[in-house]
There are 2 protein chains.
Amino acid sequence: MKFRRSERLIDMTNYLLDHPRQLVPLTFFADRYESAKSSISEDLAIVKETFEQKGFGTLQTVPGAAGGVKFLVQISKENARPFVQELCELIATPDRLLPGGYLYLTDILGDPQIVQKAGRIIASAYSEAKIDVIMTVATKGIPLAYAVASQLNAPVVIVRRDSKVTEGPTVSINYVSGSTKRIQTMVLSKRSLTEGSRVLIVDDFMKAGGTVIGMISLLEEFNATVAGIAVLVEAEKIEERLVDNYLSLVQLSDVDLKEKKINVKEGNYFTLE
Amino acid sequence: MKFRRSERLIDMTNYLLDHPRQLVPLTFFADRYESAKSSISEDLAIVKETFEQKGFGTLQTVPGAAGGVKFLVQISKENARPFVQELCELIATPDRLLPGGYLYLTDILGDPQIVQKAGRIIASAYSEAKIDVIMTVATKGIPLAYAVASQLNAPVVIVRRDSKVTEGPTVSINYVSGSTKRIQTMVLSKRSLTEGSRVLIVDDFMKAGGTVIGMISLLEEFNATVAGIAVLVEAEKIEERLVDNYLSLVQLSDVDLKEKKINVKEGNYFTLE
């Protein structure tokens with residue numbers, strides 16, 4: 001059965017959004033819709049134009065016999081900014097303050113819409129980078145890591161604080177927490193990471209960066225490389241930041257426990273190049 | 001600027017897929033594309049027809065002044081079956097067997113594409129049900145819970161084994177593990193669940209069902225109701241199953257540690273009505 005252009009465009013949009021960073025040969029679509037390659041090319045040009053104009057992504061064309069088309073998520077800063085500003089307002093409510101200057105973010109991290117949008121924005125920064133794996137630490141970073149991973153077509157590995165029987169053999173390291181200076185343990189299943197992988201570290205919150213440093217040490221044990229570090233929220237005014245070269249969507253600038261005030265602003269996402 | 005039909009269809013598809021179970025007024029699209037409502041209605045009819053024909057969802061029309069259109073995920077059994085069969089094959093590889101009859105599923109649960117597809121299939125079974133919250137237990141159920149939640153437009157709450165400072169005040173219960181018969185603890189942040197919520201429990205793996213029973217007891221403390229139970233993999237041949245009325249995508253029928261053989265078949269998803 002032949003498909004009309006309108007049907008092709010709808011199905012193609014769904015298919016491409018669902019297969020980010022995957023090369024789809026033109027013949028795949030030509031077969032799927034029993035249409036000529038020239039029609040498919042025209043369809044794809046319209047899809048690309050609309051994706052770019054609406055600021056949610058682009059299509060990359062790979063020429064040649066082994067070629068095809070690839071969807072890359074690319075949320076424009078224009079689209080990202082209102083979302084991040086809403087997020088800042090949401091975080092700035094005083095009843096989020098917990099003892100010790102911690103913030104209650106569980107409701108925000110529990111909202112799949114917020115997590116997915118944040119994940120897409122972070123993924124946009126790495127959509128053309130070589131990333132083999134997304135790494136995070138249990139528990140709170142997991143949803144964001146998956147949201148990023150699903151846009152970068154990469155698997156997620158989850159570092160734990162303790163080993164579980166269902167993980168099989170593990171590699172563990174000790175590290176010093178950046179803020180509390182306590183020695184902690186991190187464990188990763190041996191099977192979960194291939195040597196030489198390029199890894200994007202994703203987490204929900206970064207204070208001094210001790211946890212990220214722990215993950216980096218763990219990567220060394222697997223001869224893997226850090227391809228990037230991205231966090232949803234970073235705490236500013238840290239005396240000694242252990243990590244450089246990270247990306248953040250939101251920055252806490254002042255947490256005043258006495259006055260129950262939190263100052264929240266855009267992270268470095270919008271200023272980094 | 002006016003939008004052509006082709007552009008409207010592409011953007012609409014993206015928008016609707018991104019906002020499942022949310023009522024979108026026709027005026028929203030009419031304004032977005034500076035088009036007449038009659039054109040928007042025609043567009044939506046084409047989108048609905050294509051979604052249904054391709055077996056990934058439907059549009060529900062709510063008439064009247066407060067009306068609009070709602071995207072519901074509805075993966076057809078025809079689309080679900082090949083995926084679940086692939087999953088069965090993937091799970092049946094003998095090197096997944098771990099001591100104690102456990103299975104190594106970390107790589108499968110670490111693949112966002114698999115998790116998203118499984119989540120969509122599970123969500124299809126509840127797309128018209130009243131679900132306020134998705135509940136899971138840390139750590140391995142989290143990705144699947146988010147995949148389901150993002151399609152049902154519901155927040156996720158994560159039960160933990162221990163309380164953390166960043167969760168604020170918590171409610172905890174003790175329960176008996178179904179397979180090991182040991183007493184265990186479950187903790188949920190007090191703020192994370194509203195009284196009277198209708199909750200869909202999602203987990204990666206169910207043996208006797210002790211963990212699920214634990215979650216149900218926890219729900220009682222919050223005066224919340226179980227709206228459903230869904231797992232990716234269930235272990236069959238359990239002498240005493242503690243839970244009825246659950247949905248599974250995959251069923252383990254025989255785990256032979258000596259022969260290193262696993263028998264895996266479709267779960268009850270395809271036989272339940």
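Which residue lies over the face of B:Tyr104? I looked this up first, and A:Arg191 is the one, at 4.3 Å from the ring centre. I counted a charge as over a ring if NZ of Lys or CZ of Arg is within 6 Å of the ring centre and within 35 degrees of the ring normal. I then found B:Arg191 over the face of A:Tyr104, at 4.3 Å from the ring centre.

**Ground rules**

I am working from a predicted model, where local features need pLDDT of at least 70, side-chain atom pairs count only at pLDDT 80 or more, and totals for chains, interfaces and linings use all residues. Residues are numbered from 1 along each chain as its sequence is written, chains are lettered from A and ligands numbered from 1 in the order in which they are written, and side-chain values use heavy atoms, with hydrogens and water left out.

**Cysteines**

I looked for disulfides (cysteine sulfur atoms within 2.5 Å) and found 0 over all chains. I read A:Cys88 as buried because its relative accessibility is 7%; B:Cys88 is buried at 8%. My scale calls a residue buried under 20% relative accessible area, exposed over 50% and partly exposed in between, using a 1.4 Å probe and protein chains only.

**Nonpolar core**

Nonpolar side chains tend to be buried together in soluble globular proteins. I took a core to be a set of buried Ala, Val, Leu, Ile, Met, Phe, Trp, Tyr and Cys residues joined through side-chain atoms within 4.5 Å. The largest one here has 138 residues, and A:Phe29, A:Ile91, A:Ile134, B:Phe29, B:Ile91 and B:Ile134 have the most contacts inside it. I followed A:Ile134 outwards: leaving aside residues up to four places away in sequence, its contacts (heavy atoms within 4.5 Å) include A:Ala145, A:Leu152, A:Pro155 and A:Val202.

**Aromatic rings**

I counted 16 aromatic pairs over all chains. Rings of Phe, Tyr and Trp (its six-membered ring) pair if their centres lie within 6.5 Å; planes under 30 degrees apart are stacked, over 60 edge-to-face and the rest tilted. A:Phe29 and A:Tyr33 are stacked, because their centres are 5.9 Å apart and their planes at 5 degrees. Both lie in helix 2 (residues 26–33) of chain A, 4 residues apart, about one turn; I used DSSP runs numbered from the N terminus, with helices being H or I of at least four residues. A:Phe29 is buried at 0%, and A:Tyr33 is buried at 0% too.

In chain B, I noted an edge-to-face pair of B:Phe28 and B:Phe29, 5.5 Å centre to centre with 70 degrees between the planes. B:Phe28 is partly exposed at 28%, while B:Phe29 is buried at 0%.

**Salt bridges**

I found 22 salt bridges over all chains, each a side-chain nitrogen of Lys or Arg within 4 Å of a carboxyl oxygen of Asp or Glu. A:Asp18 bridges to B:Arg120, with the closest N and O atoms 2.9 Å apart. This pair joins two chains, because A:Asp18 lies in helix 1 (residues 5–18) of chain A and B:Arg120 in helix 6 (residues 112–125) of chain B. Both residues, A:Asp18 and B:Arg120, are buried.

Next I checked B:Asp11 and B:Arg32, whose closest N and O atoms are 2.6 Å apart. B:Asp11 lies in helix 1 of chain B and B:Arg32 in helix 2 (residues 26–33), so the bridge ties together parts 21 residues apart in sequence. B:Asp11 is buried at 1%, whereas B:Arg32 is partly exposed at 27%.
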